[in-house]
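Okay, everyone, thanks for coming. I'll put the model up on the screen and then walk you through it.

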Amino acid sequence: MLDAEFVRSRILEALPGSEVEVHDTTGTGDHFEARVISPDFAGKMMVQQHQLVYAPLQQWLKSGELHALALKTYSPEQWKKLGNR
């Protein structure tokens, strides 16, 4: 069983300097949602942004230990345009 901090730390290792929030959506340690704001996403399509987030989690996705990860990804510019800081 995984926890939100474990998932968050793996994403941060792959995307240093990002803002990452992760929540366990079911309390079972295998379904999470994450919001990731990263300068690495600038100029990338959403699918490319998601691939960057999924990459460091492949081991757990393949094993089924991480069953679902809903993502909301933004570059800092996209996040700012939405009126967030």
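Before I get going: when I say two residues touch, I mean they have heavy atoms within 4.5 Å of each other. And keep in mind that this is a predicted model.

So, the overall layout. We've got four helices and three strands in the protein chain. Starting from the N terminus, the order reads α-β-β-α-α-β-α.

Now the dimensions. The C-alpha trace spans about 35 × 20 × 20 Å along its principal axes. For 85 residues you'd expect a compact globule to have a radius of gyration near 12 Å, and the protein chain comes in at 13 Å, which agrees.

How much of the chain is buried? Buried residues account for 31% of the 85. As for the surface, the protein chain exposes about 5,200 Å², and 52% of that is supplied by carbon and sulfur atoms.

On contacts, take the pairs that are at least 6 apart in sequence: 55% of those join residues at least 24 apart. And for the electrostatics people, there are 9 positive and 11 negative side chains, with the centres of the two sets sitting 10 Å apart.

Okay, let's zoom in on two residues, S18 to begin with. You'll find S18 in the loop between α1, which is 4–14, and β1, which is 19–24. Is S18 buried or exposed? Its relative accessibility is 12%, and the cut-off for buried is under 20%, so S18 counts as buried.

What does the side chain of S18 reach? That would be the backbone oxygen of L15, at 2.7 Å. Leaving out anything up to four places away in sequence, S18 touches L12, V36, I37, S38 and P39. Of the elements I've mentioned, L12 falls in α1, while V36 and I37 fall in β2, which covers 31–37.

The other one is A42. Here we're in the loop between β2 and α2, the latter being 46–54. With 41% relative accessibility, A42 counts as partly exposed, since that class lies between the 20% and 50% limits.

Which residues does A42 touch, again skipping those up to four places away in sequence? The answer is S75 and E77. And here's a distance to look at on the screen: A42 and D30 are 12 residues apart in sequence, yet C-alpha to C-alpha they're 29 Å apart in space.

Right, that's my tour. Happy to rotate the view if anyone wants another look.

Conventions
Residues numbered from 1 in each chain as written. Predicted model: local features only at pLDDT ≥ 70, side-chain atom pairs only at ≥ 80, totals over all residues. Heavy atoms only, no water. Rg over C-alpha atoms; globule rule 2.2 N^0.38 Å. Buried < 20%, exposed > 50% of the residue type's maximum accessible area, 1.4 Å probe, protein only. Areas by Shrake-Rupley, 256 points an atom, 1.4 Å probe, with all protein chains shown as cover. Lys, Arg positive; Asp, Glu negative; His and termini not counted. Charge placed at Lys NZ, Arg CZ, Asp CG, Glu CD. Polar contact = N/O pair within 3.5 Å; in protein donor to acceptor, adjacent residues only side chain to side chain.
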